[in-house]
Amino acid sequence: MCGIVGYIGRRDVAPLLLEGLQRLEYRGYDSAGVVITGPKSAGLKMIKAKGRVRDLEARIPKRFAGTTGIAHTRWATHGAPSDENAHPHLDREGKVAVVHNGIIDNAAELRAKLIAEGFEFASETDTEVLTHLIARSDAEKLEDRVREALRLIEGTYGIAVLHADFPDRIVVARNGSPVVLGIGEKEMFVASDVAALVTHTRQVVTLDDGEMATLKADDFRTYTTEGTRTTAAPTMVEWEAESYDMGGHDTYMHKEIFEQADAVDRVLRGRIDDRFSTVRLGGLNLDAREARAVRRVKILGCGTSYHAGLIGAQMIEELARIPADAEPASEFRYRNPVVDPDTLYIAVSQSGETYDVLAAVQELKRKGARVLGVVNVVGSAIAREADGGVYVHAGPEVCVVSTKCFTNTTVAFALLALHLGRTRDLSVSDGRRIIEGLRRLPGQIAEILEQEAEIKELAAEYAEARSMMFIGRVRGYPVAREASLKLKEVSYIHAEAYPASELKHGPLALIEPALPTVAIVPDDDLLEKNRAALEEIKARSGRILAVAHQKQEKADRTVVVPKNEDELDPILMGIPLQLLAYHTALALGRDIDKPRNLAKSVTVE
């Protein structure tokens, strides 16, 4: 949450920063700001605006030249969206500028002390505390001033600092919020995501927690917050700049839904081992003996990743016969969990930077647990922190609402379940059956997406609903949960997900014609049980939209999806419901790529 971008070099900095902010807007979009300086500038020049980056751009005067600057797009934590609360924040002399991603836990205490010392605050933010702390320091070097301030801070941060007295450098630091350096030709970039950098450079350095860096136009150096030099090994970004464009689609969500067939093909590529009817997952760092010693699997994720984890836990139990469950990482880390040495923990995150998941991983590592990561972004914090893992190779996902990454994560779990199963008791024939099912997925996804026109008509029918119920049983229940979340996120229609088996224990009281029910009805051993649930809803005049492998008599409408293996069906059954959420939101005129109050990459608690 929140996007940081900075540049130091020879080019006109304002257009570069605005372009970077546009690419980071998915991380927050309630206000934005920019501060610049340069060899011909007197001090710092700052512009801020409530609203989107385009609102900031409209305020930039024609004469706003400089060659060094930092900028920010905000998702509000402390203080409402406003010009005053927008970043950057300046000290009272206008010499120190700070942009910040994260939360300073002891901000109120520090603010009170600074006010007692005579400092005046211009905003409600926690970040301004840091600005005044840096300004208060009389250390000789900017790096030492920042370090002194950070020693007083409790909480998380990714920061960039510009100082009018040190116009030849930008100082950055990281603790819990991502900071990436981009290395150019006699120019340096910094951002909270490579999306802001790839147009200009694909050579990057990712800071670790507790690390700082000084950026100059022709050089950079990294060191710990204690001042010890660190070695920064640059890596190449996997994706081209074009991967972050809309590619002819009206929204990123539509583009990313339609990329799923190719994305699934990518996560499978090079991993299937036909000889032994299994898969090769080289990054697991888990040999067969260690895999056989696993007695339980615990999957940790948040939001959509948690739902993918629910599907993954079922696959692991079914194929590997290892007890498995999923839990929201945000709850897990606060309940003092028993950490079993025979349990394999799996952390799931699209960005690999989700703070609640990262904090759970760090707590597990502290207690000696083995943790694998299932993440999309190569080299992300969770990928680096985990003992091993599986990249889901979904490609850049820009829309706040996750679609293709959810699908690829479930496929990655299918691969992991097959791998664990074949090291235990899953037969060769069952292994071959699952592999054949995996290979059918890209073509079947393409078949589902061909039904877009029909699903668009359905969305027009259901867009007037004020609330919707989603139901499913066993394999269908996590699909119902994810579809319910997707509709809520993007259309703002209230939605509830329940196990179909639980209807009679309460939710049936809600059923009436004005509350449509979306039912997940796979052709598996629970088909007749699911049909009985539809009977119960129909008997109470409920409207039903079924997602099934064949037309359902009791449903008003049925979206038919191709049948795969029972274990893999959940991967396909959620895809038409992504389209339903998309077209419902479109019919309601929602801002699909930037839903209200949300941001991607939740890097704060």
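These exercises with worked solutions walk through parts of a predicted model.

**Exercise 1. The two faces of a strand**

Task: Find which residues of strand β23 (residues 494-499) lie on its covered face and which on its uncovered face.

Solution:
- Step 1. Start with the general rule: in a regular strand, side chains alternate between the two faces of the sheet.
- Step 2. Pick out the covered face of β23: Ala495, Ala497 and Pro499.
- Step 3. Pick out the uncovered face: His494, Glu496 and Tyr498.

**Exercise 2. A β-α-β unit**

Task: Work out what handedness the unit made by β22, helix α16 and β23 has.

Solution:
- Step 1. Look at the two strands. β22 (residues 467-472) and β23 run parallel, joined by six bridges.
- Step 2. Take one bridge as a check. Isoleucine 471 has tyrosine 498 of β23 as its partner.
- Step 3. Add the helix, α16 (residues 476-491).
- Step 4. Name the unit. β22, α16 and β23 form a right-handed β-α-β unit.

**Exercise 3. An open sheet**

Task: Give the strand order of the open sheet that contains six strands, and say which strands are at its edges.

Solution:
- Step 1. Write the order: β5-β6-β7-β8-β12-β13, with antiparallel pairing.
- Step 2. Find the edges. β5 (89-90) and β13 (219-224) each pair on one side only.
- Step 3. Zoom in on one pair. β6 (residues 96-101) and β7 (residues 157-163) are antiparallel and share six bridges.
- Step 4. Pin down one bridge there: asparagine 101 partners glycine 158 of β7.
- Step 5. Place the helix. α4 (residues 127-136) lies across β5, β6 and β7, at about 140° to β6.

**Exercise 4. Two helices in contact**

Task: Describe how helices α14 and α19 cross, and which residues make the contact.

Solution:
- Step 1. Locate the helices: α14 covers residues 428-449 and α19 covers residues 575-587.
- Step 2. Give the geometry. Their axes come within 9 Å and cross at roughly 35°. The crossing is right-handed.
- Step 3. List the contact residues. α14 supplies Ile445, Ile448 and Leu449, while α19 supplies Ile575, Pro576 and Leu579.
- Step 4. Sort them by class. There are six nonpolar residues, no polar ones and no charged ones.

**Exercise 5. Backbone exceptions**

Task: Find what sets the backbone apart at proline 88, serine 277 and serine 541.

Solution:
- Step 1. Recall the usual case: most residues other than glycine have a negative phi, and most peptide bonds are trans.
- Step 2. Check proline 88, in the loop between β4 (68-74) and β5. The peptide bond from histidine 87 to proline 88 is cis, with omega near 0°.
- Step 3. Check serine 277, in the loop between β15 (272-273) and β16 (278-279). Its phi is positive, about 50°.
- Step 4. Check serine 541, in the loop between α17 (527-538) and β25. Its phi is also positive, near 65°.

**Exercise 6. Buried or partly exposed?**

Task: Decide whether serine 277, serine 541 and glutamine 550 are buried or partly exposed.

Solution:
- Step 1. Set the cut-offs. Buried means under 20% relative accessible area, and exposed means over 50%.
- Step 2. Serine 277 has 2% relative accessibility, so serine 277 is buried.
- Step 3. Serine 541 has 46%, so serine 541 is partly exposed.
- Step 4. Glutamine 550 has 31%, so glutamine 550 is partly exposed too.
- Step 5. Add the surroundings. Glutamine 550 sits in the loop between β25 (544-548) and β26 (557-560). Leaving out residues up to four places away in sequence, glutamine 550 touches Asp523, Leu527, Arg531, Thr558 and Val560.

Methods:
Residues are numbered from 1 along each chain as its sequence is written. This is a predicted model: local features need pLDDT of at least 70, side-chain atom pairs count only at pLDDT 80 or more; totals for chains, interfaces and linings use all residues. Side-chain values use heavy atoms; hydrogens and water are left out. Buried means under 20% relative accessible area, exposed over 50%, partly exposed in between (1.4 Å probe, protein chains only). Helices (H or I, at least four residues) and strands (E, at least two) are DSSP runs, numbered from the N terminus. Two strands pair if DSSP finds at least two bridges between them. A crossover is right-handed if, with the strands pointing away from the viewer, the path from the first strand over the helix to the second runs clockwise. Contact means heavy atoms within 4.5 Å. Axes are lines fitted to C-alpha atoms, for helices over the stretch in contact, and angles run from 0 to 180 degrees between N-to-C directions. A crossing is left-handed if the near helix is turned anticlockwise from the far one by less than a right angle, and right-handed if clockwise. Ala, Val, Leu, Ile, Met, Phe, Trp, Tyr, Cys and Pro count as nonpolar, Asp, Glu, Lys and Arg as charged, and the others, Gly among them, as polar.
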